[in-house]
Amino acid sequence: MASVKVNRSLCSICGKVPSLSICVGCQRVFCTEHVEQHRLELSNLLDKIIFEHGQCKQTIIKYTEESNSHPLMKQINEWEKQSIEKIQQVAIDARKQILNAFGHFASNAITTMKNLTEELTKAQNEDNFFETDLRRWMDTFIKIKKELDKPPTINIRKGGTDVPFISKIIISVSEIFDKSTGRISIKDEGKLIVNTGSNGYGTVRSKGEYSTGKHRFRFKIEHTSSHKWNLIGIVSKNAPIQATAYNIPTSFGWIANNFVCLNGKLYSDFNGYKSDIEKNDIIELFIDCNQHMIRLTNERTHYTHELTIDTILCPFPWQIQLGLYYSKDCIRLLWR
Ligand SMILES: [Zn+2]
Ligand SMILES: [Zn+2]
C-alpha cells in the first residue's frame, strides 16, 4: 500500500509531474528532473561543509603557529598596552606638577642668590667681612644646594597598596561539563547543570579526564529541593553515561540522606557519612589520583568525608560525575 501512495505523490519541487523517486534522507518525492536538482543541492551543502572543515583546520594551524593572533592573546596584549598607557599618563602628569612646583621654588632661590651677589660684591670691594659673615654665606649656599636637589616643599610618595593602580591579569583554566543524559541540561558554557522539567534522574560528566595528580573543584548548590538529592563524585571514563548514575559500576560519590555510592551500590552511614548540603553551600571535590582517593568538603560546615577508590573497580581515567533528581535543582561549577 505504501508504495502506491509514493507513486501517486507529486514532485515536492514542481508539484506537477507524477514523481518517481523518494529521497531516503528527507522522505520527499521528486520527478526525474528534480531528483537531480535535489542531489545537486545536497552536494552543494557538502561542498560548504568541506570548506568549513578546511577553514577550521587553517584556524587551528594559525593559532598554533602564530600564537599572537589568538583572540585571548590579543586580550592580554590589550591589557598590557592599556596598563603601559596608564603609567605613561600618570608620569606625564607628575612631571608637569614637579616642573610647576620647582618653578616656584627656583624663583625664590634666584631672589636669595641676587641678594647674596650684592652682599658678596660689596664685601669684596670694601674688604669688610669677618668669620661670622663667611660662615653665614657658606651655610646659605649649603642649604640652597641641598634644597635644589630636594625642595622641602615638594614630596613624592607612592600610593597605598589597598587599591592597586594596575590590576593584575589572571588566567583561569577550568573544567566544564559537556556530556549529559536524562532530565538534566548543561548551561552557561558548561558551568551550570539544571534539572529540567518534572522530577527525574539526570547525569552529567566533565570534559576533563584525570589519571594523575591532584585536582580541586568547587561547586555551588544554587538550588536544591527539600530532599536535597544530588550526586557528586567520579566515574571511570569507559563506563557508559546513564541517567541513574548511582547504580552503574565505577560510580563513586556522595548522595543525600547519608548515602554514599561505592561502585554503583548505595550504602547508608558509610564511615559515618552524614549529608549536610543546603542551598547556597559551596562544596569542594578533591580528586587525588596518586593516593586513589576522593574527598568532599562542605565549606560552610567544614564537614569533610573521604572515599578510597579501588582502581581495579574504577580504572583511570576518572571523570567528574554529577547527578540531580528534583525539578529545578541546579549546581554551578565555580571557576576557582
Ligand atoms: Zn519536479
Ligand atoms: Zn532529500
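This report describes the domains, sheets, backbone features and side-chain contacts of a predicted model.

## Domain organisation

The protein is divided into three parts: domain 1 covers residues 2-64, domain 2 covers 72-149 and domain 3 covers 177-333. Taken over C-alpha atoms, the centres of domain 2 and domain 3 are separated by 69 Å.

## The sheet from β4 to β14

Seven strands form an open, antiparallel sheet in the order β4-β5-β16-β7-β12-β13-β14. Its edge strands are β4 (184-187) and β14 (304-308), each of which pairs on one side only. From one strand to the next, the twist averages 20 degrees.

At the β4 edge, β4 pairs with strand β5 (residues 192-195) in the antiparallel sense over four bridges. Within this pairing, K187 stands opposite L192 in β5. The two strands form a hairpin with four residues between them, and D188 in the turn has a positive phi of about 50 degrees. Elsewhere in the sheet, strand β7 (residues 214-223) is joined to strand β16 (residues 330-333) by four bridges, and the two run antiparallel. F219 stands opposite L333 in β16.

## The sheet from β3 to β11

A further open sheet of seven strands follows the order β3-β6-β15-β8-β9-β10-β11, again with antiparallel pairing. Here the edge strands are β3 (177-182) and β11 (265-268), and each pairs on one side only. Neighbouring strands of this sheet are turned against each other by 20 degrees on average, direction ignored.

Three bridges join β9 to β10, and these strands run antiparallel. The bridge partner of F252 is L262 in β10.

## Backbone features in the loops

Most residues other than glycine have a negative phi, and most peptide bonds are trans. Against this background, N258 has a positive phi of about 65 degrees although it is not a glycine. N258 is found in the loop between β9 (252-254) and β10 (259-262). With a relative accessible area of 21%, N258 is partly exposed, because the range between buried and exposed runs from 20% to 50%.

H292 likewise has a positive phi, of about 55 degrees, although it is not a glycine. H292 is found in the loop between β12 (282-288) and β13 (293-298), and its relative accessible area of 27% makes it partly exposed. A cis peptide bond runs from F316 to P317, with omega near -5 degrees. P317 is placed in the loop between β14 and β15 (318-324).

## Salt bridges

Side chains of opposite charge can pair when their charged atoms come close. The count comes to 14 salt bridges. One of them joins the side chains of E209 and K237, at 3.0 Å from N to O. This pair links distant parts of the chain, 28 residues apart: E209 is in the loop between β6 (202-206) and β7, and K237 is in the loop between β8 (230-236) and β9. E209 is partly exposed, with a relative accessible area of 40%, and K237 also counts as partly exposed, at 37%.

Strand β7 contributes to other salt bridges. The side chains of R216 and E284 meet at 3.2 Å, N to O. R216 lies in strand β7 and E284 in strand β12, so that distant parts of the chain, 68 residues apart, are linked. R216 is exposed, with a relative accessible area of 52%, whereas E284 counts as buried, at 11%. R218 forms a salt bridge with E299, and the closest N and O atoms are 2.8 Å apart. Because R218 lies in strand β7 and E299 in the loop between β13 and β14, the pair ties together parts that are 81 residues apart in sequence. R218 counts as partly exposed at 24% relative accessibility, as does E299 at 30%. In addition, salt bridges that share partners join E119, D133 and R136 into one network.

## A nonpolar surface patch

I98, F102, L148 and I156 make a nonpolar surface patch of about 350 Å². Of these residues, F102 lies in helix α3 (residues 71-126). At 31% relative accessibility, F102 counts as partly exposed. This value meets the accessibility condition for patch residues, because that condition requires over 30% relative accessible area.

Note on methods. Residues numbered from 1 in each chain as written. Chains lettered and ligands numbered in written order. Predicted model: local features only at pLDDT ≥ 70, side-chain atom pairs only at ≥ 80, totals over all residues. Heavy atoms only, no water. Domains from an automatic or database assignment. Pairing = 2+ DSSP bridges. Axes fitted to C-alpha atoms, helices over the stretch in contact; angles between N-to-C directions. Patch = residues over 30% accessible without salt bridge, like charges linked within 9 Å, V, L, I, M, F, W, Y side chains within 5 Å. Areas by Shrake-Rupley, 256 points an atom, 1.4 Å probe, with all protein chains shown as cover. Salt bridge = Lys/Arg side-chain N within 4 Å of Asp/Glu carboxyl O. Buried < 20%, exposed > 50% of the residue type's maximum accessible area, 1.4 Å probe, protein only.
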